[in-house]
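This is a walk through one protein chain, from its overall make-up down to a few individual residues. Keep the sequence and the structure in view while reading.

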Amino acid sequence: MKNLYFKSLLFIMLGLAGTRSEAQTTLAVGDIAFTGYIAADNTLPIGTPDQFSFVLLVPISANTVILFTDNGWRPNLSAFDATESVFSFRSTTA
């Protein structure tokens, strides 16, 4: 349970740190709230992907891109580890 809590907290922190915008909207800490998270573990069928949901707390423009990752931060390289996936969200309307 402690490991799941740590992974969840790490995922949320890294998700916010990895959030960026490639459109006109500039997001800041606190502009996104995570509303749910399910981590695949030994109680779920093999191959079940991690899932999460979020809500934007500020208006964004069309074609804003937000990237989410659960890659770990590698301080010795000052970069994210590239062993996990990256999910891209693109808004279709303002």
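Of the 94 residues in the chain, 22% are buried. The model is a predicted one. The accessible surface of the chain amounts to about 6600 Å², and carbon and sulfur atoms contribute 60% of that surface.

The secondary structure consists of one helix and six strands. Followed along the sequence, these elements come in the order α-β-β-β-β-β-β. As for how the chain meets itself, take the contacts with a separation of 6 or more: 52% of them are between residues 24 or more positions apart.

The aromatic residues are a useful place to look next. Across the whole structure, a search finds eight aromatic pairs. One of them joins Phe34 and Phe52, whose ring centres are 5.8 Å apart and whose planes meet at 55°. That pair is classed as tilted because planes under 30 degrees apart count as stacked and those over 60 as edge-to-face, with the rest called tilted. Phe34 belongs to strand S1 (residues 32-38) and Phe52 to strand S2 (residues 51-56), so that the pair links distant parts of the chain, 18 residues apart. Both rings are also members of one aromatic cluster, formed by Phe34, Phe52, Phe54, Phe68, Phe87 and Phe89.

Is Phe52 buried, partly exposed or exposed? Its relative accessibility is 25%, so Phe52 counts as partly exposed; the buried class is reserved for values under 20%.

Another phenylalanine to locate is Phe80, which sits in strand S5 (residues 79-80). Phe80 is likewise partly exposed, because its relative accessibility is 29% and that class lies between the 20% and 50% limits. Along the chain, Phe80 and Asp70 are ten residues apart. In space, 9.1 Å separates the C-alpha atoms of Phe80 and Asp70.

The last stop is Ser91, in the segment that comes after strand S6 (86-90). With a relative accessible area of 4%, Ser91 falls under the 20% limit and is therefore buried. Which residues does Ser91 touch, leaving aside those up to four places away in sequence? They are Ile60, Ser61, Ala62, Asn63 and Thr64. A touch here means that heavy atoms of the two residues come within 4.5 Å of each other.

To recap, Phe52 and Phe80 are partly exposed, at 25% and 29%, whereas Ser91 is buried at 4%.

Technical notes
Residues are numbered from 1 along each chain as its sequence is written. This is a predicted model: local features need pLDDT of at least 70, side-chain atom pairs count only at pLDDT 80 or more; totals for chains, interfaces and linings use all residues. Side-chain values use heavy atoms; hydrogens and water are left out. Helices (H or I, at least four residues) and strands (E, at least two) are DSSP runs, numbered from the N terminus. Buried means under 20% relative accessible area, exposed over 50%, partly exposed in between (1.4 Å probe, protein chains only). Rings of Phe, Tyr and Trp (its six-membered ring) pair if their centres lie within 6.5 Å; planes under 30 degrees apart count as stacked, over 60 as edge-to-face and the rest as tilted. Accessible areas come from the Shrake-Rupley method with a 1.4 Å probe; for residues, only the protein chains shown count as cover.
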